[in-house]
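Student: I would like to go through this model with a few short questions. Please reason briefly and end each reply on what was asked.

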Amino acid sequence: MAESTDCHKAQQDFPKVLILKPIPFINLVGEQYFASNKFTFLEAYDSSLPLHQFLSTHSPSIKAILSSVGAPPITADILHLLPEVGLVVTTSVGLNQVDLLECRRRGIKVANAGSIFSDDVADFAVGLLIDVLRKVSASDGYVRKGLWATKGDYPLGSKLGGKRIGIVGLGNIGFAVAKRLEAFRCSISYNSRKRKPHVSYPFYESVCELAANCDVLVICCELTDQTHHMINKEVLSALGKEGVIVNIGRGAIINEKEMVQCLVQGEIAGAGLDVFENEPDVPLELFAMDNVVLSPHVAVFTPESFLDLRDLVVGNLEAFFSNKPLLSKFGDW
């Protein structure tokens, strides 16, 4: 009993890692797998205090923040209340929920999920594309409804081989998508913030020009002020009536209203969507479309990737509290 009490007191003395909202992957993997002798979690959502008061009360002991998609953003106002914070760790690759400029100004390190999810997301992107082109989900529904026997064969889909694929955002995920599609003899071109000197794929500075020269656009970039609604009616019109769009980035990269309008009016041929602008709300018009494949933001989620993410998150936090280099980080400040 005394040993248990001593252990609890020792944990109380550990530096605190703030969590503002429950993080799903911790629950799925199991909180016991995050135990450490370097830090302990401080869960703001379990307190009855208003957030501002809670943060002010615990400010001296909070040295790091663990954030996830869907959690309250890590804003300058929050960081102002936590002057001891030196690290923000996210469970995502994208960092649109973190005020990076304020972190840079304060010298706060930022660590994201790095390339943990790249393979899983790339696999899923290719799966969505095959599904849309070959009508896998739509024909599955056709069979299940008994329509094969009463109405005959289902309309044919289109082959993937030889398609011109435009990758928007040739980072870890985009590059993994490109390499998979090369195996289907697709021709790859891309748009990114800047040309990648180590790749031979054709580069387009304009997303609209990329779309005009492709059969498929695969959205792999991060959501930023610059990429918000970057894929709009003009880009979709350039993609054309035979064009398909796949989004495994963030929903708001596409102007969802304009995309739905283009799908309804037949201005593009189809879409594979894992992300949406106002999750979990999905435009009702999409539900009735056989040429649209929908999934609930699960491209990154496999048990294997969760375990890898656990190792990365705990490893980054323990490295920080041991004054060692982070296992992965974003930026160079």
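Student: How far apart do the centres of the positive and negative side chains of the protein chain lie?

Tutor: This is a predicted model, so the values are computed from predicted atoms. The protein chain has 31 positive and 38 negative side chains. The distance between the centres of these two sets is 5 Å.

Student: What percentage of the residues of the protein chain count as buried?

Tutor: A residue counts as buried when its relative accessible area is under 20%. The protein chain has 333 residues, with 13 helices and 11 strands. Of these residues, the buried share is 48%.

Student: What is the strand order of the open sheet of 5 strands?

Tutor: Pairing in this sheet is parallel. Strand S2 (40–43) and strand S5 (109–111) each pair on one side only, as edge strands. From one strand to the next the twist averages 25°. The order is S2-S1-S3-S4-S5.

Student: Which residue of S4 is the bridge partner of Ser 67?

Tutor: Strand S3 covers residues 62–67 and strand S4 covers residues 87–90. The two run parallel and are joined by 4 bridges. For Ser 67, the bridge partner in S4 is Thr 90.

Student: What angle does the direction of helix H3 make with that of S2?

Tutor: Helix H3 (residues 51–58) packs on the sheet. The strands that H3 touches are S1 (16–19), S2 and S3. Between the directions of H3 and S2 the angle is about 150°.

Student: Is Arg 185 buried or exposed?

Tutor: Arg 185 is in the loop between helix H9 (172–182) and strand S7 (187–191). Its phi is near 60°, a positive value in a residue other than glycine. The cut-off for exposed is over 50% relative accessible area. Because Arg 185 has a relative accessible area of 60%, Arg 185 is exposed.

Student: And His 297, is that residue buried or exposed?

Tutor: His 297 also has a positive phi, about 55°, although it is not a glycine. The loop that holds His 297 lies between S11 and helix H13 (303–321). Because its relative accessible area is 18%, His 297 is buried.

Student: Which peptide bond, with omega near 5°, is cis?

Tutor: Most peptide bonds are trans. The cis bond asked about leads into Pro 280, a residue in the loop between strand S10 (270–273) and strand S11 (292–294). The bond runs from Glu 279 to Pro 280.

Key:
Residues are numbered from 1 along each chain as its sequence is written. This is a predicted model: local features need pLDDT of at least 70, side-chain atom pairs count only at pLDDT 80 or more; totals for chains, interfaces and linings use all residues. Side-chain values use heavy atoms; hydrogens and water are left out. Buried means under 20% relative accessible area, exposed over 50%, partly exposed in between (1.4 Å probe, protein chains only). Lys and Arg count as positive and Asp and Glu as negative; His and the chain ends are not counted. The place of a charge is taken as NZ of Lys, CZ of Arg, CG of Asp or CD of Glu. Two strands pair if DSSP finds at least two bridges between them. Axes are lines fitted to C-alpha atoms, for helices over the stretch in contact, and angles run from 0 to 180 degrees between N-to-C directions. Contact means heavy atoms within 4.5 Å.
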